[in-house]
Amino acid sequence: MKFGKRLKQHIQETFPDWRDKFLSYKNLKQIIPSLSDGSNECGKSEEEFVCLLNCEIEKFNAFFMEQEEDFIIRNKELQQRLGKMIDKWGPMGDQESDIDYKDEMARIRKDVVDFHGEMVLLMNYSNINYTGLAKILKKYDKRTGGLLRLPFIQMILEQPFFITDPISKLIKECESSIDAMFPVAASKKKRKREEEEEAIVVTGGLVFRNTVAALQTMQELRKGSSTYGHFSLPPLKLPDSDFFSSFQLHSPIAIV
């Protein structure tokens, strides 16, 4: 599937309030045919193209940083909730027969899995917008014979929306929380799997479906191919964990 169609499909499937935050790929692509005739109109088109690129990058940064800040706050809140659970019922939930414990743990599990999914979606947001920029800049250079792609990519690599290390760290912390809520003691291993799958199935709404789609999209964008080059993202390596195995078990969705 061509990138433009993949992007359109992804936007249609994501959260409604995220849809206008993605790259205006079609608008940029429509400008390119008018960039090489040498006329004054061509000069105006080039100026419009660069201006739109800069506006898009500002849009990505504003949205990404807003989400990142929200995730940092939510992560602290979830950790506080988990801490209260441990203080009240012990690290292994010694009073698991207590209905209040079960209800609260079910809520926390769902919130943690949803939170993890939303962070994966933000990582995908960064990936797909970077890929779109790299592709549209390649089209620009090919059409005009210019060399705009290299300096723009060098600038993009320093933008907040591309620097995903803090989000990656939060994702790992979230996965550690998931592991903590599903003890791996041998005597509880079967029950762990049943509880984990129950928690995953509970989240089978928009967040879960979009997370599965995002993981598949990131794998597609990052896999090696005949078009893989210097400006491509590196191959995606998912953690070898039961959590990601659960995505495969419960994911009939295909993006490409």
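Here are some exercises on the predicted model above, each with a worked solution.

Before you start, note that residues are numbered from 1 along each chain as its sequence is written. In this predicted model local features need pLDDT of at least 70, side-chain atom pairs count only at pLDDT 80 or more, and totals for chains, interfaces and linings use all residues, while side-chain values use heavy atoms and leave out hydrogens and water.

**Exercise 1: the overall fold**

Task: work out how many helices and strands the protein chain has, and what share of its residues is buried.

Solution:
- Step 1. Get the term straight: helices (H or I, at least four residues) and strands (E, at least two) are DSSP runs, numbered from the N terminus.
- Step 2. Count them up: the protein chain has nine helices and zero strands. Going along the sequence, the pattern reads α-α-α-α-α-α-α-α-α.
- Step 3. Now for burial. Buried means under 20% relative accessible area, exposed means over 50%, and partly exposed is in between (1.4 Å probe, protein chains only). By that rule, 43% of the 256 residues of the protein chain count as buried.
- Step 4. Look at the outside too. The protein chain exposes about 14000 Å², and carbon and sulfur atoms supply 52% of it. Such areas come from the Shrake-Rupley method with a 1.4 Å probe; for residues, only the protein chains shown count as cover.
- Step 5. Finish with contacts (heavy atoms within 4.5 Å). Of the contacts in the protein chain with a separation of 6 or more, 77% are between residues 24 or more positions apart.

**Exercise 2: salt bridges between helices**

Task: find which parts of the chain the salt bridge of Arg 74 and Glu 118 ties together.

Solution:
- Step 1. Recall the rule: a salt bridge is a side-chain nitrogen of Lys or Arg within 4 Å of a carboxyl oxygen of Asp or Glu. The whole structure has eight salt bridges.
- Step 2. Check the distance: the closest N and O atoms of Arg 74 and Glu 118 are 2.8 Å apart.
- Step 3. Place the partners. Arg 74 sits in helix 3 (residues 40-89) and Glu 118 in helix 4, so this pair ties together parts that are 44 residues apart in sequence.
- Step 4. See how covered they are: Arg 74 is partly exposed at 22% relative accessible area, while Glu 118 counts as buried at 16%.
- Step 5. Try another pair. Asp 111 and Arg 81 form a salt bridge with their closest N and O atoms 2.7 Å apart. This pair also links distant parts of the chain, with Asp 111 in helix 4 and Arg 81 in helix 3, 30 residues apart.
- Step 6. Go one step wider: Arg 81, Glu 104, Arg 107 and Asp 111 are linked in a network of salt bridges.

**Exercise 3: a salt bridge inside one helix**

Task: decide whether Lys 110 and Asp 114 are buried or partly exposed, and say where they lie.

Solution:
- Step 1. The side chains of Lys 110 and Asp 114 meet in a salt bridge, 2.8 Å from N to O.
- Step 2. Both Lys 110 and Asp 114 lie in helix 4, four residues apart, which is about one turn of the helix.
- Step 3. Lys 110 has a relative accessible area of 31%, so it is partly exposed. Asp 114 has 12%, so it counts as buried.

**Exercise 4: a charged patch**

Task: name the residues in the positive patch on the surface, and the helix that gives its largest share.

Solution:
- Step 1. Set the rules. A patch is made of residues with over 30% relative accessible area and no salt bridge; like charges are joined within 9 Å, and nonpolar side chains (Val, Leu, Ile, Met, Phe, Trp, Tyr) within 5 Å. Lys and Arg count as positive, Asp and Glu as negative, and His and the chain ends are not counted. The place of a charge is NZ of Lys, CZ of Arg, CG of Asp or CD of Glu.
- Step 2. List the members: Lys 2, Lys 5, Lys 29, Lys 135, Lys 138, Lys 139 and Lys 142 gather there.
- Step 3. Helix 4 (residues 99-144) gives the largest share, four residues.
- Step 4. Zoom in on one member: Lys 5 lies in helix 1 (residues 3-13) and is exposed at 61% relative accessible area.

**Exercise 5: a buried serine**

Task: find which residues Ser 126 is in contact with, leaving aside neighbours within four places in sequence.

Solution:
- Step 1. Ser 126 is in helix 4 and is buried, with a relative accessible area of 2%.
- Step 2. With those neighbours set aside, Ser 126 is in contact with Phe 64, Phe 161, Phe 162 and Thr 164.
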